[in-house]
Amino acid sequence: MKAIDVFYLESENILCISIQRTDIEAGRKIVDKNGTVFEVDSLVVDGRALLKGITRLLVNGKFEGDIVNLVDEE
């Protein structure tokens, strides 16, 4: 899925990714364009965004690109 917004805070090595989906939970794994796997540490709570179907994910590390792929869990 395409990210709506990607904001990387280099000093903290934390990334916030906004996506048009509301069924993602902390602990879920996502992959960037290079195949690097990230674990969603937490979600940013924003009621207005949720009403628009947008979730903001926080992950550690620098996510590359603007396409977010979910890792299938078995």
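Glu39 is a good place to start: with a relative accessible area of 40%, Glu39 is partly exposed. Keep in mind that what you're looking at is a predicted model. The side chain of Glu39 meets that of Lys29 in a salt bridge, with 3.6 Å from N to O. This pair ties together distant parts of the chain, since Lys29 belongs to strand 3 (residues 29–31) and Glu39 to strand 4 (residues 37–44), 10 residues apart. Lys29 is partly exposed too, at 33% relative accessibility. Why would two such side chains meet at all? Side chains of opposite charge can pair when their charged atoms come close.

Let's see where else that happens. The count of salt bridges comes to four. One of them joins Lys2 to Asp66, whose closest N and O atoms are 2.2 Å apart. Lys2 sits in the segment before strand 1, while Asp66 is in the loop between strand 5 and strand 6, so this link spans 64 residues of chain. Asp66 counts as partly exposed because its relative accessibility is 32%. Another salt bridge runs between Asp46 and Arg56, with 2.4 Å between the closest N and O atoms. Here Asp46 comes from the loop between strand 4 and helix 1 (47–51), and Arg56 from strand 5, 10 residues apart. Both ends are partly exposed: Asp46 has a relative accessible area of 26%, and Arg56 has 25%.

Now step back to the fold itself. The protein chain has one helix and six strands, and if you walk from the N terminus the elements run β-β-β-β-α-β-β. The strands come together as an open sheet, and its order is 1-2-5-4-3-6, with antiparallel pairing. Strand 1 and strand 6 (69–70) are the edges; each has a single partner strand, so one side of each is left without a neighbour in the sheet.

Inside that sheet, have a look at how strand 2 meets strand 5. Strand 2 covers residues 14–19 and strand 5 covers residues 55–60; the two run antiparallel and are joined by six bridges. If you want a landmark in this pairing, find Ile17, which stands opposite Leu57 in strand 5.

Next, follow the chain along the start of the sheet. Strand 1 spans residues 3–9 and includes Phe7. Which residues join Phe7 in a nonpolar surface patch? Leu9 and Ile14 do, and the patch made by these three residues is about 250 Å². In the loop between strand 1 and strand 2 you'll find Asn13. Its backbone is worth a glance: Asn13 has a positive phi of about 55° although it is not a glycine. For context, most residues other than glycine have a negative phi. Asn13 counts as partly exposed, with 36% relative accessibility.

Over at the other edge, Asn69 has its place in strand 6. What does Asn69 touch once its neighbours within four places in sequence are set aside? Asn69 is in contact with Met1, Lys29, Ile30 and Val31. Lys29 is the residue we met earlier as the salt-bridge partner of Glu39. Asn69 itself is partly exposed, its relative accessible area being 37%. To get a feel for distances, compare Asn69 with Leu15: they are 54 residues apart along the chain, and their C-alpha atoms are separated by 15 Å.

Finally, the chain as a whole. Its C-alpha trace spans about 35 × 30 × 20 Å along the principal axes. For 74 residues, a compact globule would have a radius of gyration near 11 Å, and the 11 Å of this chain agrees with that. Buried residues make up 28% of the 74 residues. The accessible surface comes to about 4,800 Å², and 48% of it belongs to carbon and sulfur atoms. As for how the chain folds back on itself, take the contacts between residues at least 6 apart in sequence: 58% of them join residues at least 24 apart. The salt bridge between Lys2 and Asp66 is a case of two distant parts of the chain being linked, 64 residues apart.

Note on methods
Residues numbered from 1 in each chain as written. Predicted model: local features only at pLDDT ≥ 70, side-chain atom pairs only at ≥ 80, totals over all residues. Heavy atoms only, no water. Patch = residues over 30% accessible without salt bridge, like charges linked within 9 Å, V, L, I, M, F, W, Y side chains within 5 Å. Areas by Shrake-Rupley, 256 points an atom, 1.4 Å probe, with all protein chains shown as cover. Helix = DSSP H or I, 4+ residues; strand = E, 2+ residues; numbered from the N terminus. Pairing = 2+ DSSP bridges. Buried < 20%, exposed > 50% of the residue type's maximum accessible area, 1.4 Å probe, protein only. Rg over C-alpha atoms; globule rule 2.2 N^0.38 Å. Contact = heavy atoms within 4.5 Å.
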